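I am opening a notebook page on a structure that is new to me, and I mean to write down what I look up in the order in which I look it up.

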Amino acid sequence: MKKRWLGIMGAILLSAAVGGLAGAEESRAKTAETVWNKRKTITVTNGEFEFYAYLSSEGDQSWIYKVTGKQNETEKPEKLVFPEKINGAPVTKVGSATTDDFTKSIFDVWVEHAHDGDGYTPLLEKISEMTLPDTVTKIVNSAFSGMHALTSVKIPDKVKVLPGSVFYGSKNLEKLQLPKNLKKIDIYSGFDDCPKLSVITLSRKNPNFSVKNKMLLSKDKKKLVWVPPANKKVSVPNTVEEIGENAFLRSQVTEVKLGKNVSILPSMCLNSRKIKKVTLDKRNKSLAKDGQCIYHREDNSFAVGIAKNKKLAISSKITKITEDYSICGVRLPRGQGGAGLLKRLDIPASVTQLGANWIRPFEADKVYFHNPTPPQLSKKGKDRWQAQLPVYCKIYVPKGSLRAYKAWYKEKKLAYAIDEEYWHTF
């Protein structure tokens, strides 16, 4: 009996070990990256362009990492057609091979958002059409940045990710056909400075996203993911419950109507300097509007502020300001997609709670605290370098409250940033 039991246990352990090895092999197979032979560059001429490529170590795939062509004054190319194969190997990857902190476009030009460098080169002046092989599965960051003349493009269906700055600076891009297998899209920088982009199409077979009323939604239509820049007025469908972060960033939208089921408004979801008007469906039970603000009914927390003449007065119905809110109608600091500031921000006496990094997107020239008692401030969040209170600007507090507010700043170790000249009473 004992030998039989040991035999059974041995079989179980052997089976588990074999299963574990098989699982590990399968996992490695799924996550393994293609190994590229970068020691040898292959060049191919196709039309007016020369394509530089690497082959995979197995020789069954190719990666086009650079494109050059004619740059004379009289004959500039209007179409860019990528070859389908390099040395018989299907093209599966396109984009620069640089490993620096800053990226390059596939045309070998540096791309840098901080200094408005979109990678434009005279070679791209007239290229309005671009054709990519259906075999492409991966596009590298900034690959087609700087293509000012491009008007429409079809992304191969096997591409799953559209990365940052991929079409940055495509000023004349109007139509975009998204890939059938798209899983992720960088809407923060991928289509920055594409003011004419209004039409996006997507196969109904895509398992992750859907398109409705020129907007990109989640497959179940409960989340608004992205509003293409050229749209002017947007009515958020009633199926939508959540607005995605940066969904309206750098858009041309001037008016937004939130549907009856919208309840989740994360940080920066409605950030846009062009939005001047935000309204609510009368049937919306989660949100309310008062003055320049939209707030959550459940806890009276601030959700959206619509600045006028660079001034924003927080509603007296709001009692809490967290980090999850959006500002419309004013340029925001560079990190939030702009370069300007509010001239004046008024925090009413009703506000008694502030989130750890509540001040970050405001950055006003003048901040008025109307509560004689400083609000309660949450403990420091993950961003430990971010100031928790307004600094390097004029602070206005009620008469008789100056000492309390100065002590508040001192407690948060911010007294160094508030010289006597910044303090004022009213």
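Which residues form a negative surface patch? I am working with a predicted model, and in it I find that Glu48, Glu75, Glu78 and Glu129 form such a patch.

I then looked up where one of these residues, Glu48, is placed, and found it in the loop between strand S1 (36-46) and strand S2 (49-56). Glu48 has a relative accessible area of 33%, and because a patch takes residues with over 30%, Glu48 passes that cut-off while still counting as partly exposed.

Next I turned to the opposite charge, and noted that a positive surface patch is formed by Arg273, Lys276, Lys310, Lys311, Arg331, Lys343, Lys366 and Lys394. From this patch I picked out Lys276, which lies in the loop between strand S21 (255-258) and strand S22 (277-280). Its relative accessible area is 52%, so Lys276 is exposed, given that exposed means over 50%.

Last, I went over the chain as a whole. I recorded two helices and 34 strands for the chain, and I noted that 47% of its 426 residues count as buried. For the contacts with a separation of 6 or more, I wrote down that residues 24 or more positions apart account for 48% of them. The chain exposes about 22000 Å², and I added that carbon and sulfur atoms supply 49% of that area.

Methods: Residues are numbered from 1 along each chain as its sequence is written. This is a predicted model: local features need pLDDT of at least 70, side-chain atom pairs count only at pLDDT 80 or more; totals for chains, interfaces and linings use all residues. Side-chain values use heavy atoms; hydrogens and water are left out. Patches are made of residues with over 30% relative accessible area and no salt bridge: like charges are joined within 9 Å, nonpolar side chains (Val, Leu, Ile, Met, Phe, Trp, Tyr) within 5 Å. Accessible areas come from the Shrake-Rupley method with a 1.4 Å probe; for residues, only the protein chains shown count as cover. A salt bridge is a side-chain nitrogen of Lys or Arg within 4 Å of a carboxyl oxygen of Asp or Glu. Lys and Arg count as positive and Asp and Glu as negative; His and the chain ends are not counted. The place of a charge is taken as NZ of Lys, CZ of Arg, CG of Asp or CD of Glu. Helices (H or I, at least four residues) and strands (E, at least two) are DSSP runs, numbered from the N terminus. Buried means under 20% relative accessible area, exposed over 50%, partly exposed in between (1.4 Å probe, protein chains only). Contact means heavy atoms within 4.5 Å.
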